[in-house]
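Thanks for making the time. I have one structure to go through, and I will keep to strands and rings.

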Amino acid sequence: MTRLLCSLAAAFVAFAQDKEPPSVSPGANGTAPSDAIVLFDGKSMDKWIARSGSRNLCDVRNGEMICRSGVGDLMTKERFGSAQVHVEFNLPSMPNQKGQLRSNSGVYLQGRYEIQVLDSLNNPTYTNGMAGALYGQHVPLVNPSAGPGRWQSYDIIFHAPKCDASGKVSASGSLTLIFNGVLVQDHVPVMKLTGGAVSENLCEAGPLLLQDHSGFKDAPLTELRYRNIWLRRLAE
Ligand code: MG
């Protein structure tokens, strides 16, 4: 009996090994791999809309989107569930500001869960609101912030909450975040919405959203630069 089970197991392993994974050509220097959806290619904002309804989105120059305060939150037209996401950002120097007021933005997954964007180099604030935090929920493991004027990156693995047939959440979502090449969130559960979520239905697909923080109390006007944004859909 044991021998039979071993033979069956070996046959299963051999079968599994026979299934070749799809080929994907990697991108150079963080650019999109061949099976990614490119959300910002450095040339146009065609894949984006402003939450405010404004038609004036960011300027596009030198492969970057340059977003001034007041444009409002930017959202992808594309909506998604579980995904691998890559975003690069470059923060302005704001030495006269501190804490949450120094170069605040955010990358919202599904328009609901904010990964904080902030100049967190020598800029203390509450720890679950610093750069690399899942805002209000999870403190980053370490702080690899590079400071203003430098290109920084978030590589995100997001699994959306699972829902049953009646539309109720049956399992929490999860987040893994690599910030400037350093692991800062290690498969943490996504437990609640961040304030300002575009939809409270956790079972719906949602956009990638870049936060315009200028509407918050005492928030200064600023200018944020993003580039090279892509995502790969993951199986639910
Ligand atoms: Mg923010």
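I will start with a sheet and then move to the aromatic side chains.

Please keep in mind that this is a predicted model.

First, the sheet. Five strands make it up, and it is an open one. Reading across, the order is β2-β5-β14-β7-β8, with antiparallel pairing. The edge positions go to β2, residues 48–50, and β8, residues 113–117. Each of these has a single partner strand, so one side of each has no neighbour in the sheet.

Further in, let us look at one pairing. Strand β7 covers residues 105–109 and strand β14 covers residues 209–210; two bridges join them in the antiparallel sense. If you want a residue to click on, take Y108, which sits opposite L209 of β14.

Now the rings. How many aromatic pairs does the structure hold? The count is six. One of them is F89 with Y226, a tilted pair with 6.5 Å centre to centre and 55° between the planes. Where do the two residues of this pair sit in the chain? F89 belongs to strand β6, residues 83–90, while Y226 belongs to strand β15, residues 223–233. They are 137 residues apart, and the pair links these distant parts of the chain. Are F89 and Y226 buried or exposed? Both are buried.

The F89 and Y226 rings also belong to a cluster: ring pairs link them with Y154 and F179.

One last contact involves a charge and a ring. R227 lies over the face of W151, 4.1 Å from the ring centre.

That is what I had; I will take questions now.

Terms used. Residues numbered from 1 in each chain as written. Predicted model: local features only at pLDDT ≥ 70, side-chain atom pairs only at ≥ 80, totals over all residues. Heavy atoms only, no water. Pairing = 2+ DSSP bridges. Helix = DSSP H or I, 4+ residues; strand = E, 2+ residues; numbered from the N terminus. Phe/Tyr/Trp six-rings, centres within 6.5 Å; stacked < 30°, edge-to-face > 60°. Buried < 20%, exposed > 50% of the residue type's maximum accessible area, 1.4 Å probe, protein only. Lys NZ or Arg CZ within 6 Å of the ring centre and 35° of its normal.
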